[in-house]
Amino acid sequence: MQGTAASTHPHRRGPALPQLLPLPVLVCSICGFTAPGNHSKLTGLPRCRGCFQRQARCTTCGRVRGIHSGTVDAPVCGPCTTPDAELWHPCPTCGQAERLRSPGPCRRCTLKQRLHELLADNTGSITPKLQPLNDALAKTERAGTAMRWLAGGIVSTVLSDLGSGRRPLTHEAVDELPAGKVVEHIRSVLVATGALPQRDEQMVRLERHVNDLVTSHTTAEGRKILHRYATWHLLRRLRRRSRGNDITHTQLTVVRQHLRAAVHLLNWIEAQGLTLATCRQADLERWMTSNDVRHRREAGHFVRWALAQKIARDLSFPAVRWNGPSQAMDDEARWATARRLLHDGTLKSEDRLAGLLLLLYAQWPAAISRLTVDHIEETDGAVRIRLGAVPVDLPGPVAELALQQVAVRRSHAVLARTDSPWLFPGGQPGRPISVWAMGERLRKLGIRLAETRSTALFQLATELPAAVLARTLGIDITVAVKWQRAAAGDWGAYAAEISRRNSS
């Protein structure tokens, strides 16, 4: 909904820009959830945004179309809801009743024709590898959005080249295209529809960055050390920690910082006419106190690695010990924000759920963004979320938000509804919301990420043993122990008491 407000400011010139008005919060007549929505023009009944955008098989005519009435279990399309001949006109191509605003085929038929023009080869047929892409685009919930996407110059050119065979259907062929968000979106569409295999794009991007940084170093000895440090330590450790999952942007950034720190330190050492083998503690301390020092903590990681590998000697660069959270903690503000997210129906349900996962369960945006629908479990009337090895029971309001997000989350507008596993789907098909985007949505709610997580984790560490905290929240046991010590939680007496109970 858009409204236009007249300009009354004495120094403002020209017409006022349209302002987006928030949708009213209502109880949807179709799904029954309380969510932002509007009243249907056909029925006059409230309909939430999720049901407005959803398509399903009509229980009256059997066609997959937009829902206008009925229920989630028994949806009814528009023509079956109000079979008004003046409102619905048959498409001259497919014969289905549509709200045609101009003569000619409906948007769906126009989209199918355009897809055939782009994806068909010189024989007039579409290769089997691209057929799922054709079907997913042809069955999209919003044909107009798909048409506008195809109208983009590079999109139509790339799809036409893939369909005709002028460009091989491989990741390497897509890598040759100019880098940018449009090409990455095309790749994600191809992956989501099975035209291209899954690939860890963050890891590929990181490997390229590592290669460029290493090969651009000035000395052969420096390139050898950097290659060894990056390939056999940083990347190897990252692959081990990711356990076969795609790495996050945060992990990519951390590795980049460690490698840049190594490059900066090596550049300074070489500028002094030294090498890692000839550098002494006095030289290292001279760099640490100079104006050239960069990424000091990460550089320490590189020095300690070089010592362990016997590349350097007689150097000392102690690690910084973590002594607890540095941000100020305001538990009252945390609970006030939690109450607002629990009860403010004007906020988006997905934002409320994500914020509560941070406020109550100390989950970073990186962990929240990678949750799937399988992490939500409903058995015997209880709703649980699996953040670690042990599922957590969700209280009523949070459980309702979690179930609602599973039910109404939608796939990308360009493609037909797919069985995406992500609880918070991202802007690119088949991928979760990015960590940056999740963080921005939480910040717009007034949540300070680091301070809020510290507050939640500090409070939980005072209430739970470290082992329970680690298994419940999905954090490493060493991290849980550090937080327990920071919170001054003495669980030795607790363990002894439990032991006495079990033995009695």
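**Exercise 1. The whole chain**

What does the accessible surface of the protein chain come to, and what share of it belongs to carbon and sulfur atoms? While you're at it, describe the make-up of the chain.

*Solution.* Keep in mind that you're looking at a predicted model.

- Step 1: start with the surface. It comes to about 27600 Å², and carbon and sulfur atoms hold 52% of that.
- Step 2: turn to the inside. The chain has 504 residues, and 42% of them count as buried, where buried means under 20% relative accessible area.
- Step 3: list the building blocks. You'll find 22 helices and 13 strands in the protein chain.
- Step 4: check the contacts. Take those with a separation of 6 or more: 55% of them are between residues 24 or more positions apart.

**Exercise 2. Two helices that meet**

Find helices α11 and α13, and work out how their axes are placed: at roughly what angle do they cross?

*Solution.*

- Step 1: locate the pair. Helix α11 covers residues 249-271, and helix α13 covers residues 296-308.
- Step 2: get the geometry. Their axes come within 8 Å and cross at roughly 75°.
- Step 3: name the arrangement. Angles from 65 to 115 degrees count as roughly perpendicular, so α11 is roughly perpendicular to α13.
- Step 4: see who touches whom. From α11 come Gln257, His258, Ala261, Ala262, Leu265 and Leu266, which meet Glu298, Ala299, His301, Phe302 and Val303 of α13.
- Step 5: sort these residues by type. The contact of α11 with α13 has seven nonpolar residues, three polar ones and one charged one.

**Exercise 3. A sheet of three strands**

Look at the sheet with β6, β7 and β8: which strands stand at its edges?

*Solution.*

- Step 1: write down the order. This open sheet runs β6-β7-β8, with antiparallel pairing.
- Step 2: pick out the edges. β6 (55-57) and β8 (75-77) each have a single partner strand, so each has one side without a neighbour in the sheet.
- Step 3: add the twist, which averages 80° from one strand to the next.
- Step 4: zoom in on one pairing. β7 (residues 64-70) joins β8 through three bridges, and Gly70 sits opposite Pro75 of β8.

**Exercise 4. A hairpin**

How many residues lie between β11 and β12 in their hairpin?

*Solution.*

- Step 1: find the strands. β11 is residues 376-379 and β12 is residues 382-385; they run antiparallel and are joined by four bridges.
- Step 2: match up one pair. Ile376 has Ile385 in β12 as its bridge partner.
- Step 3: look at the turn. Two residues lie between the strands, and Asp380 in the turn has a positive phi of about 55°.

Key
Residues numbered from 1 in each chain as written. Predicted model: local features only at pLDDT ≥ 70, side-chain atom pairs only at ≥ 80, totals over all residues. Heavy atoms only, no water. Axes fitted to C-alpha atoms, helices over the stretch in contact; angles between N-to-C directions. Parallel < 35°, antiparallel > 145°, perpendicular 65-115°, else oblique. Contact = heavy atoms within 4.5 Å. Nonpolar A, V, L, I, M, F, W, Y, C, P; charged D, E, K, R; others polar. Pairing = 2+ DSSP bridges. Buried < 20%, exposed > 50% of the residue type's maximum accessible area, 1.4 Å probe, protein only. Areas by Shrake-Rupley, 256 points an atom, 1.4 Å probe, with all protein chains shown as cover.
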